Amino acid sequence: MVLKAAVVGTGADPEDRDRTGYAMAYRHAPGYRRLDGVELVACADIVPENAAAFADNFDIPDRHVYEDYETMLTDADPDVVSVCVPPAVHADIVIGCAESGVPEAIHCEKPMATTWGDCRRMVEACEDADVQLSINHQRRFGKPFTRAKRLLEDGTVGDLERVEFGQDNLFDAGVHQFDLAGYFADGAAVEWVLAGIDYREENRWFGTHNENQGLAQWRYGNGVGGLASTGEGAGMGADFVGCYMRLVGTDGAIEIGVEDGPSLRYRADGSDWTAVDVGETVHGPTTGVVRAGVGKVLERVPGVDARRVRPTSFVERAIEEVVDALREGREPRISGRRSLAAAELPFAAWESVRRRGRVDLPLDVDDNPLEAMVEAGKLGVEAPDDAAGGSGEGSDDADGGEPGREPEADPDAGGGREAVADGEGEADGRSE
């Protein structure tokens with residue numbers, strides 16, 4: 001049986017990426033097209049020219065190009081829908097898709113939603129409708145992370161004691177590391193979170209507030225601790241930690257995405273660092289000159305699919321997991337239910353700031369504490385008139401295979417306009 005896939009929120013030019021849009025749909029589409037028995041049949045975006053350009057790029061017929069996702073669901077009848085709209089409207093569109101009774105699976109960009117209540121509503125709606133929900137935490141499928149997990153399981157650095165990470169912020173970018181931290185901690189539940197942040201300058205990613213600088217600490221039920229530093233200046237975030245993630249064990253440490261160093265290395269029993277060649281950065285595969293040249297040649301050979309030659313991106317691997325789980329009738333490793341654990345932590349950190357103390361989980365608020373503090377004038381920045389803001393996609397550090405850190409303009413993101421028009425947050429099938 002052929003599965004039909006569709007995308008809500010195509011985004012604009014994928015080569016013109018910034019913190020208002022990242023066009024993540026252009027990264028989802030190849031993930032469906034490379035799989036046997038899957039056909040990308042439709043797309044929707046409230047900006048017609050964006051939808052048309054996406055359709056032309058991926059050979060979607062004109063009759064299945066839409067401005068609103070509801071009509072797309074009715075006409076195209078997709079089995080799987082990728083939601084690549086801005087984070088502020090993830091919940092409305094995911095819930096709308098689930099309640100339509102059309103798709104069997106929904107794959108949504110991260111961050112999951114802009115309030116903790118909406119995150120939970122998304123999961124509940126999909127469970128009630130018996131629809132598979134997954135969140136695009138694609139880093140779980142990257143070799144630097146899977147190999148690091150294997151080193152932990154092999155006891156290379158003893159028992160895991162602490163997970164550390166440095167990132168631009170806790171929410172839009174940091175949710176990847178919160179998800180990975182839970183992965184390395186064997187899925188243990190977090191007991192509490194304590195955090196402090198600075199927000200002296202407005203910092204919106206895809207229309208949503210993110211702190212300028214922060215420090216967060218948390219603890220899992222199995223005794224593993226967590227520590228995160230955020231910010232984009234000297235002495236903060238990744239610059240402070242010295243790597244994308246560090247796993248501290250009883251007998252050594254593992255570092256992932258070392259600043260100006262290897263993608264993965266470990267040190268045990270006081271020995272020197274040992275680099276592990278995994279052929280990928282924390283963002284995706286590194287394509288060698290020879291292999292890239294071969295791919296270019298094969299693109300010109302009739303009847304040969306060059307997509308079978310190049311390495312798969314992390315997003316493509318995540319979509320393969322989504323499709324495999326649907327076919328096998330099992331819960332995806334990046335399911336909505338499992339993704340709640342990572343989604344809760346940025347909100348818990350900001351709630352700790354609001355309460356000026358430690359927050360015990362589960363979190364008992366529904367709103368976005370940072371947004372509430374900004375709008376109440378409790379932080380250094382006053383809420384602007386267009387507080388709903390944002391016209392770009394939701395975000396996901398485009399794991400396109402280029403080495404290095406997330407692009408300066410934005411790490412993780414979306415690029416469509418399907419859900420936010422003129423800076424307002426009306427949900428109509430917009431795009432990340």
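A disulfide here is a pair of cysteine sulfur atoms within 2.5 Å. Keep that cut-off in mind for the first close-up; every view below comes from a predicted model.

**View 1. Cys-97 and its closest cysteine sulfur, in Cys-126.** Zoom in on Cys-97 and look for a sulfur partner: the closest cysteine sulfur belongs to Cys-126, and it sits 8.6 Å away. That's too far for a bond, because a disulfide needs the two sulfurs within 2.5 Å. Cys-97 itself is buried, at a relative accessible area of 0%. Go by the same cut-off throughout and you end up with zero disulfides.

**View 2. Cys-43, another cysteine to check for cover.** Is Cys-43 buried or exposed? With 0% relative accessibility, Cys-43 counts as buried.

**View 3. A negative patch on the surface.** Four residues make up this one: Glu-99, Glu-124, Glu-127 and Asp-128. Which helix gives the patch its largest share? That would be helix H5, spanning residues 116–128, which supplies three residues. Glu-124 is one of the patch residues and lies in H5. Its relative accessible area is 44%, so Glu-124 is classed as partly exposed.

**View 4. Gly-279 in its loop.** Here we're in the stretch linking strand S16 (274–275) to helix H9 (289–298), and Gly-279 is found in that loop. How far is the Gly-279 C-alpha from that of Leu-264? The two C-alpha atoms are separated by 10.0 Å, with the residues 15 apart along the chain. As for cover, Gly-279 comes out as partly exposed, at 35% relative accessibility.

Methods
Residues are numbered from 1 along each chain as its sequence is written. This is a predicted model: local features need pLDDT of at least 70, side-chain atom pairs count only at pLDDT 80 or more; totals for chains, interfaces and linings use all residues. Side-chain values use heavy atoms; hydrogens and water are left out. Buried means under 20% relative accessible area, exposed over 50%, partly exposed in between (1.4 Å probe, protein chains only). Patches are made of residues with over 30% relative accessible area and no salt bridge: like charges are joined within 9 Å, nonpolar side chains (Val, Leu, Ile, Met, Phe, Trp, Tyr) within 5 Å. Accessible areas come from the Shrake-Rupley method with a 1.4 Å probe; for residues, only the protein chains shown count as cover. A salt bridge is a side-chain nitrogen of Lys or Arg within 4 Å of a carboxyl oxygen of Asp or Glu. Lys and Arg count as positive and Asp and Glu as negative; His and the chain ends are not counted. The place of a charge is taken as NZ of Lys, CZ of Arg, CG of Asp or CD of Glu. Helices (H or I, at least four residues) and strands (E, at least two) are DSSP runs, numbered from the N terminus.
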